[in-house]
Amino acid sequence: MTETTDKHPRRPRPAAFLDRDGVLNVDHGYTFKPGDLELIPTAAAAVRLLNEAGYFVIVVTNQSGVARGYYTEADVNTFNAHICEVLQAQGARIDAFYYCPHHPEGTVKALAIRCECRKPAPGMLEQAARDWPIDRGRSFLIGDKDHDLAAAKAFGIRGVKFDAAAGTLEDLVRKQLAPGVG
């Protein structure tokens, strides 16, 4: 599933793929209500750095809560739009959101499937590469779980693990943008 926030030029640019829960926002477990949004400290600054460096900023997020019946795809889109509004108020922009609503153990029958979009599969990244002129050689993914890094590897880009207890997202992004990294 895709939600883009802007039209884009066809000039190839690198992409910074970001997981959502645990990277951009605090993961409270199936967070979907806009009022429950708590940005990770320095998330807006990190996204702004990526914007200024000319990267597409693309969120790729598993949302098994949809398949489990905890919330709807409309709820996911509403929450993502709220993230965009909060970030935009701080001068930061997300170019697109891709999410996987599936889970093989879901209770919503139509979504209780194995798919190629659920990380660690690279389906969301592959769809983004079809939708956006992405320079894979300079792209990377930041995630907080091993399945995020596995998706990056399967897609052929660098995966970087984020641990909020070990440092800020802004510092991690600065390191990824440093000359010679990658």
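This text describes a helix pair and the largest pocket of a predicted model.

The helix pair consists of H1, which spans residues 43–52, and H6, which spans residues 169–177. Their axes lie 7 Å apart and meet at an angle of about 20°. Because angles under 35 degrees count as roughly parallel, H1 is described as roughly parallel to H6. The crossing of H1 past H6 is right-handed.

On the H1 side, the contact is formed by Ala 43, Ala 45, Ala 46, Leu 49 and Leu 50. Helix H6 contributes Leu 169, Glu 170, Val 173, Arg 174 and Leu 177. By class, eight residues of this contact are nonpolar and two are charged, with no polar residue present.

Attention now turns to the largest pocket, which holds about 310 Å³ of space. Its lining comprises 18 residues, and those closest to the pocket centre are Asp 21, Asp 27, Asn 62, Ser 64 and Lys 145. Two elements, strand E3 (56–62) and helix H2 (64–67), each give two or more residues to this lining. In the pocket lining, eight residues are polar, eight are charged and two are nonpolar.

Key
Residues numbered from 1 in each chain as written. Predicted model: local features only at pLDDT ≥ 70, side-chain atom pairs only at ≥ 80, totals over all residues. Heavy atoms only, no water. Axes fitted to C-alpha atoms, helices over the stretch in contact; angles between N-to-C directions. Helix = DSSP H or I, 4+ residues; strand = E, 2+ residues; numbered from the N terminus. Parallel < 35°, antiparallel > 145°, perpendicular 65-115°, else oblique. Left-handed = near helix turned anticlockwise from the far one by under 90°. Contact = heavy atoms within 4.5 Å. Nonpolar A, V, L, I, M, F, W, Y, C, P; charged D, E, K, R; others polar. 1 Å grid on protein atoms, 1.4 Å probe; cavity = no way out; pocket = protein on both sides within 12 Å on 5 of 7 lines; lining within 4 Å. Points joined across faces, edges and corners; volume = space filled by probe spheres on them.
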